Structures are given as structure tokens and as C-alpha cells.
Amino acid sequence: MMYNLAIIGGGPAGYTAAAMASNAGMRTVIFEKEQLGGTCLNVGCIPTKTLLYSAKQYHNALAAGKYGVDVEAVKFNFQKMQQRKQKVVRKLVAGVKQRLQNENCQLVAAEAKLMFHNSDKVVIEAAGETFEAERLLICTGSVNFVPPIEGIHDNDAVWDSTAALAATELPASIVIVGGGVIGMEFATLFSELGSRVTVIEAMPRILPQLDTECVDILQDKYRKNGVNILTSTKVTRIDGNWVYFVAEGTEEQVIDADKILVSVGRRANLSGLDNLRVEMQRGAVRVNDMMQTSEKNIFAAGDVTGKIMLAHVASRQAEVAVGYMLKQIPLQRIAYNAIPSVVYTNPEIASVGLTESDLTGKDCVLPIEFVVKKLPMTFSGRFVAENEGETGLCKLIVDKSKKTILGVHAIGNPCSEFIAAASFAVRMGYTLPEFEQVVFPHPTVSEILRETALI
Ligand code: NAD
């Protein structure tokens, strides 16, 4: 049988595309060699957030006295946390499977290998069978990047994020190499559960892509809470449980830890694609705005495109690709200028759009005159009620002449839950006077967005 669409990879990009295409009547086959849901559902977003929620519950119980609640003998059970994590993952993976079944999409639970492609068809082999399709959507995701550091391979002490998530015991101490999103989320998990945590970050600041003021607030808090954050520091080698490093302008030093988590980024996963003949860009599959590669019947979506490695970007890219195949009018495109992102530290950092660094100095991407409006989160009554001792920050980056909102950056719980309102404003190009007309429910922490716009 000739399929209309073959999809390799069942993560957020793959399963979103599969459900949409099947629903619209395309004969669709999707290949997944592990579990549906991909990195996000199985070894990424969902399991980390489940464990982080357990850690937060424990942390909150320890601090309950601040809220007039006496809790005695607070303990946690790491094995139970892990079991609950697995239960959550199983439930969500089953949900994805059900959704694809409901749409009559064919799932092949095996590794797919692209054998051949021309402008009329693609040929894929999986589970000893051959599949032909008019079009291919590549959704193979990404894999952990392993930096060339001596002693990193064949070392039981070294974890990647997948191994860290599968831990059966809590390490008494951990060195985290890379203070990016993965590194800081694991620093949060392990430090809240009582591990001794050291973060080694090569850049002058952890979370280098984010608003510097928000990051400084987080960094100060974590340091005060005992997390050892070493910036402008490079790991030189690893020997068993010993991590050797050099901080800018100093001699080599060494630290030991039960575990060493390496989280220095991810790379496009091109496995099974040896026969793919399309243009590449920095090790990833190059796509146009329609997620189409240099071959007109081959598309790609998600981390494999090397654009923004976020699950919500992947699923939106998949919608754009399938929308284009279906000739949907109006043509859809992704608004890359309005992609929200959240780092699930405690407190959370959430942002959308341009930062001050994007608009100034050597990282300038747009020469626009802008103003910054900012308020501590404590201007929200709900925030004060629920975040004893915290200050937080909300910042709006506004085009000086047009008054449009170009970016929003916040630190304070639960900013992950209201950043969507800010994304909407950035996406729709709202001006401050337009945004001010939006009524926010009171008392919610989201009101801080409007309060900041009004100053
Ligand atoms: P990242 O790019 O966010 O961070 C990697 C960090 O490692 C950077 O700060 C970099 O400066 C540092 N680094 C690089 N080489 C180093 C070295 N040799 N020594 C010390 N530091 C070094 O990558 P990540 O944290 O691995 O995450 C991978 C991807 O997954 C990212 O695209 C991220 O956005 C995504 N992700 C997102 C979320 C979320 O949205 N909450 C959660 C987890 C992962």
C-alpha cells in the first residue's frame, strides 16, 4: 500500500502530525522504536516535572511553618517518587497511543530505516517489512551531546539526563556539568532533596540565554541555599568520581562527587537516516518556513531541525508541516518571535520574546529603541499570599516608538502558568494601550503582567 505520509519518530512532533494527518484523511504510518511520546514524555519534560513536583512538596512541607502549619517528621521516599513518575509517564503514553488508534493511524513499533527517496516516493524498512509513502516527515528528535572530556566514557559515575531520571537512589553529592535548562532543573531536584550540588558552567552566567536579572535572582538564591555554582569554569577531565576543572584565571582544582551529570546540550538525532539526501545546517535537517527540506516531499519537525529544542515548538512545527501538505488556507507559519519557555527551577523562570541582550551590545539581533518596565512580583497580592519571603520580578521589553510588547521575562511561582498570556500579547503584536484593556482575574499572580504594563 502507498501511504500518503510516513512519519519517523513518535515524540510531540511525530504524534501531533500523525493525529492531525490521519484525522484529515491522509493514510498515515508512524514508526517508533521505543515508546510513543518521545523524549518529552518518557525521559524529558514529564518525568522531570513529576519528580520536581515531589521535591517541591517535600520542600514546602519543610517550610510549612512559615504559613502557620506545623508539620512534624517530614520525610520523603525516593523510590515512591520514582514509582509515581513511572505511573504518570505510563498514563500519558497510553493516552497518546489511544489518540492515534482513535484516528486510525498505523503505528509500527520498530526502528525505521530510510532506504530510498525520490520526488514521488519514500521507501522505509522496519520490522522486516517495506513501507512506501508519498511524503516523509522526519521527527527523530535529538540525543544528548557528549563533550570531548577525558574520562567521560565508560564511567559509572557519569550520568546523562536519562540516567539521572532513572536513579534508584539519591546521590549524596552530584556535580552537574552545564548550567543550562537541564542542569538547573536537576540542580533543583537534587538540592531540594538534600544532595550536595555543584554546578559547573562554562559561561559567565548559568542559563545564558535568559534575562540576566532573572538569572541573577535565581543564582543568588541557590547559592544562599548551598548550591555551589561555578561560572566561567571549564571541566578539564574526569577521573572516576573526581572532576577536574579550571575557573577563569585560576589553577586546576578538583572536586569529588557520587555522580556527575553531563548536560551540555543536545544534538539532532539522524539515526536511520543514512540514505537521506537533503541539505543540512549545523548538523541538523535544514527546513523552510513550511518545515519542508530541500526535497519537496520530505519534511522535518522538532529537535531534528536544530531550531528551538522545545516540545511545544516541535508540535507546532508538525502542525505547520501537515497544514502545508493539506494545502490549508491561510498558510500557517510559526511565530518564532513568540515562543514561550520555562525553566522549572524553584522559583520558576518564564519568558517569551526578546531580551535586553537581544537588543543591545554584541548579541544585538534588532537595532530597536526600547524601554524596560519592571516590577517585583510582590505587587501581586496573590504572590505575596503564597510566596513568603520571595520577591520575584516581572519585566516587559517594549518598543519605544510603537509601544508594542517585544518580550516578557519573569521569575517567581507560578510564572509558568501565566506566560501564555504574555505570549499572546507578543504574538499578536499588542501595544501597551491595547494590553491594558485586557481584564485579568483577581487575585491571580497573572495580574503582575498588567501592573507592569501600567507603570
Ligand atoms: P542548554 O543548551 O540549555 O545548556 C547547556 C549549558 O552547558 C550551557 O549553559 C552551556 O554554556 C554549558 N556548557 C556547554 N559546554 C560546557 C562545558 N564543557 N562545561 C561546562 N558548561 C558547558 O542544554 P541542556 O540544558 O542540555 O538542554 C538541552 C535542550 O533541551 C535545550 O534546548 C533545552 O531548551 C531543552 N530542555 C528544555 C526544558 C524546558 O523547557 N523546561 C527542559 C530540559 C531541556
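Does glutamate 348 count as buried or exposed, and at what relative accessibility? In this predicted model, glutamate 348 counts as buried because its relative accessibility is 7%, which falls under the 20% cut-off.

**View 1. Glutamate 348 and its surroundings in the loop between β20 and β21.** The loop that holds glutamate 348 runs between strand β20, residues 341-343, and strand β21, residues 349-353. The side chain of glutamate 348 makes a polar contact of 2.8 Å with the side chain of serine 416. When neighbours within four places in sequence are left aside, the residues in contact with glutamate 348 include Ala410, Ile411, Gly412, Asn413, Pro414 and Cys415, as well as Ser416 itself. Lys56 and Val343 are also among the contacts of glutamate 348.

**View 2. The shell of residues around the ligand.** The ligand is surrounded by 19 residues, and the closest of them are Ile182, Glu185, Glu201, Gly265 and Val342. Helix α6, which spans residues 181-192, gives the most to this shell, contributing three residues. Sorted by character, the shell around the ligand consists of 12 nonpolar residues, four polar residues and three charged residues.

**View 3. Backbone atoms beside the polar atoms of the ligand.** At isoleucine 182, a backbone N or O atom lies 2.8 Å from an oxygen atom of the ligand, and at glycine 265, a polar backbone atom is 2.9 Å from an oxygen atom of the ligand. Alanine 202 places a polar backbone atom 3.2 Å from a nitrogen atom of the ligand. On its own the ligand has 850 Å² of accessible area, and the protein covers 76% of that area.

**View 4. The whole protein, as a setting for the close-up views.** The protein contains 13 helices and 24 strands, and its C-alpha atoms fill a box of roughly 65 × 60 × 45 Å along the principal axes. The radius of gyration of the protein is 23 Å, which agrees with the value near 23 Å that a compact globule of 455 residues would have. Of the 455 residues, 50% count as buried, and the protein exposes about 21700 Å², of which carbon and sulfur atoms supply 50%. Among the contacts between residues at least 6 apart in sequence, 62% join residues that are at least 24 apart.

Notes: Residues are numbered from 1 along each chain as its sequence is written. This is a predicted model: local features need pLDDT of at least 70, side-chain atom pairs count only at pLDDT 80 or more; totals for chains, interfaces and linings use all residues. Side-chain values use heavy atoms; hydrogens and water are left out. A residue is near a molecule or strand if one of its heavy atoms lies within 4 Å of it. A polar contact is a pair of N or O atoms within 3.5 Å; within protein, one must be able to donate a hydrogen and the other to accept it, and residues adjacent in sequence count only if both atoms are side-chain atoms. Accessible areas come from the Shrake-Rupley method with a 1.4 Å probe; for residues, only the protein chains shown count as cover. Helices (H or I, at least four residues) and strands (E, at least two) are DSSP runs, numbered from the N terminus. Ala, Val, Leu, Ile, Met, Phe, Trp, Tyr, Cys and Pro count as nonpolar, Asp, Glu, Lys and Arg as charged, and the others, Gly among them, as polar. The radius of gyration is taken over C-alpha atoms; the globule rule is 2.2 Å times the number of residues to the power 0.38. Buried means under 20% relative accessible area, exposed over 50%, partly exposed in between (1.4 Å probe, protein chains only). Contact means heavy atoms within 4.5 Å.
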